[in-house]
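Student: Could you take me through one part of this protein up close? I'd like to start with a single residue and then see what lies around it.

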Amino acid sequence: MNLFNKRPPNKDLVEIGGGGILDRRRFLLSGASFVTVMAASPILSATEAKAKPSYPNHMKIPGAPSSNYGLPSQYETAVKRTNESFYKSGIFTGAHTPLDRLNGTITPSGLHFSIHHNGIPDINPAAHEFLIHGFVNKPMKWSIETLLNYPIVSRIQFLECSGNSAANAVSSDPVDASCTSIHGQVSCSEWAGIPLKYLLDEVGVNPKGKWAMCEGADAGNHVRNVPLEKLYDDAIIALYQNGERIRPDQGYPMRLFVPGYEGNMNVKWLHRMEITDQPSQSKDEQSLYAEFTSDKKLNQFTFFMEVKSIITKPSGTQQLPDKGLYEIAGLAWSGRGRIEKVEVSADSGKTWVAAHLEGPVMSKSFTRFTIPWRWNGQGTILMSRATDEFGNVQPSRDEWKSRYEDFTFNHYNAINAWLVNPDGGVKNVYV
Ligand SMILES: Nc1nc2c(c(=O)[nH]1)N[C@H]1C(S)=C(S)[C@@H](COP(=O)(O)O)O[C@H]1N2
Ligand SMILES: [Mo]
């Protein structure tokens with residue numbers, strides 16, 4: 001896979017961090033060098049520049065009218081999700097976002113990753129009802145039609161499966177796989193829906209109520225317990241994703257969206273919330289979503305997806321065509337809040353330089369980072385290390401592993417590393 005163009009060297013670029021990492025400010029300020037640097041095509045000779053342009057057929061005959069619902073170009077079919085099956089199961093399946101084929105921070109809805117424990121149910125919104133009961137003064141049921149009349153808020157936020165990047169947590173040898181395959185269980189959308197506090201205020205939560213047991217209407221019996229504090233804080237009943245009604249994969253006709261919390265708490269196809277005084281010990285709480293720590297304890301109710309970053313370009317299985325100038329780019333996010341900084345190393349971790357963050361930097365959202373790098377053609381390792389606004393920093397893999405039993409894989413957020421071989425091949429590696 002060759003996604004890179006060879007670019008001419010430029011004398012205005014100043015090496016600042018070793019390993020060929022270059023000064024971002026010079027890169028941006030020098031207009032002339034910017035153009036030269038970015039131009040992937042050859043500069044034309046005077047005669048070539050004067051030659052008559054040719055007019056292809058699509059400039060001579062009318063094009064097609066628009067369809068009712070647009071699709072990507074027929075030339076972009078390589079940009080697709082990869083289907084995965086978990087635990088060798090035909091029913092516990094999902095699809096990964098092709099992070100290494102996208103740009104910007106919004107994941108197109110059709111490419112949002114998806115995990116479902118027993119397939120995607122086909123739910124007619126006209127028949128769907130949402131119930132809140134338990135420790136409340138006034139149990140209530142809503143139809144989708146009534147919910148659509150409530151005031152709606154929207155926010156751009158990421159969603160990550162707690163098992164994202166699990167291969168790097170449990171495999172003793174780094175798997176030779178792509179960024180999509182290893183890290184593609186994370187996406188970012190604009191989610192719009194009803195703040196849960198409106199509905200909770202309507203039913204009137206009894207002072208004994210501390211938790212909500214949230215159940216999906218799929219055949220997976222998916223149940224997670226969410227603390228009421230979170231529901232009163234920033235949780236929503238998501239009805240829209242990127243402007244349109246959420247997709248069946250994402251929980252149509254409605255899902256719980258709890259910003260920054262592990263993916264599985266964002267119950268899809270939500271149909272019932274029971275307010276309780278303590279969390280129920282559902283199968284999901286006890287088995288899938290509890291982590292064994294190195295001191296032989298079981299951590300339950302570990303909600304936050306911690307600060308993390310991944311270089312998406314260059315990344316695993318890609319091929320650098322030749323030494324020369326590249327832009328290193330990637331994504332960073334934190335379930336606690338905003339990204340404060342992302343540092344990049346292009347010399348196997350010896351030196352680190354702050355990358356440029358593309359704004360706006362939003363809380364619990366994807367932040368894209370970039371930094372220019374001149375590859376000298378020798379083998380090296382590229383790494384990124386994110387820090388969030390509360391000073392949380394990504395741990396090394398060894399540090400992360402020391403906290404858990406060897407087979408634990410949830411909440412893996414260690415610093416990721418890509419090996420660049422002298423032949424330009426990029427591979428997953430541990431440092
Ligand atoms: N009802 C229900 N909700 C569910 C699941 C499920 O199988 N059933 N999967 C969970 C898991 S494990 C994750 S990571 C997220 C994934 O959300 P997405 O498919 O919209 O990306 O949904 C969660 N919500
Ligand atoms: Mo998940």
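**A close look at Tyr412**

Tutor: Let's start with the company that Tyr412 keeps. Leaving out residues up to four places away in sequence, Tyr412 touches Ser162, Asn164, Ser165, Asn168, Ala169, Lys308, Arg397 and Trp400. Keep in mind that this is a predicted model, so everything here is computed from it.

Where does Tyr412 sit along the chain? Tyr412 is part of the loop between α10 (397-403) and β23 (416-420). Is Tyr412 buried or exposed? Its relative accessible area is 5%, and buried means under 20%, so Tyr412 counts as buried. As for distance, Pro395 is 17 residues away from Tyr412 in sequence, and their C-alpha atoms are 9.6 Å apart in space.

Now for the empty spaces. Rolling a probe the size of a water molecule over the atoms shows where empty space is left. How many cavities of 30 Å³ or more does a search of the whole structure find? The search turns up two, and Tyr412 belongs to the lining of the largest and of the second largest.

Take the largest cavity to begin with. Its volume is about 50 Å³. Along with Tyr412, the lining is made up of Asn168, Arg397, Ile415, Asn416, Ala417, Val429, Tyr430 and Val431. You've already met Asn168 and Arg397, as both are among the residues that Tyr412 touches. Sorted by class, this lining has six nonpolar residues, two polar ones and one charged one.

The second largest cavity holds about 30 Å³ of space. Here Tyr412 is joined in the lining by Glu160, Met305, Glu306, Lys308, His411 and Asn413. Lys308 is another residue you've seen before, since Tyr412 touches it. The classes in this lining are two nonpolar, two polar and three charged.

Next, the open space. The largest pocket has a volume of about 700 Å³. Its lining takes in 39 residues, and those closest to the centre are Phe86, Ile115, Cys161, Gly163 and Gln185. Which elements give two or more residues to this lining? They are β1 (82-85), β3 (114-116), α5 (166-170) and α6 (179-183). The biggest share comes from β3, which gives three residues. By class, the pocket lining has 16 nonpolar, 19 polar and four charged residues.

Let's look at a strand as well. Strand β21 covers residues 367-375, and eight of its nine residues are buried. What does β21 pair with? Strand β17 (residues 324-333) runs antiparallel to β21, with nine bridges between them. One place to find this pairing is Ile328, whose bridge partner in β21 is Ile371. Strand β20 (residues 356-358) also runs antiparallel to β21, joined to it by three bridges. There, look for Leu357, which has Phe369 as its bridge partner in β21. While you have the strands on screen, here's a general point to remember: in a regular strand the side chains alternate between the two faces of the sheet.

One last stop is Glu215, in strand β8 (residues 211-216). The side chain of Glu215 makes a polar contact of 2.7 Å with the side chain of His271. Not counting residues up to four places away in sequence, the residues that Glu215 touches include His222, Val223, Val267 and Trp269.

Key: Residues numbered from 1 in each chain as written. Chains lettered and ligands numbered in written order. Predicted model: local features only at pLDDT ≥ 70, side-chain atom pairs only at ≥ 80, totals over all residues. Heavy atoms only, no water. Helix = DSSP H or I, 4+ residues; strand = E, 2+ residues; numbered from the N terminus. Polar contact = N/O pair within 3.5 Å; in protein donor to acceptor, adjacent residues only side chain to side chain. Contact = heavy atoms within 4.5 Å. 1 Å grid on protein atoms, 1.4 Å probe; cavity = no way out; pocket = protein on both sides within 12 Å on 5 of 7 lines; lining within 4 Å. Points joined across faces, edges and corners; volume = space filled by probe spheres on them. Nonpolar A, V, L, I, M, F, W, Y, C, P; charged D, E, K, R; others polar. Buried < 20%, exposed > 50% of the residue type's maximum accessible area, 1.4 Å probe, protein only. Pairing = 2+ DSSP bridges.
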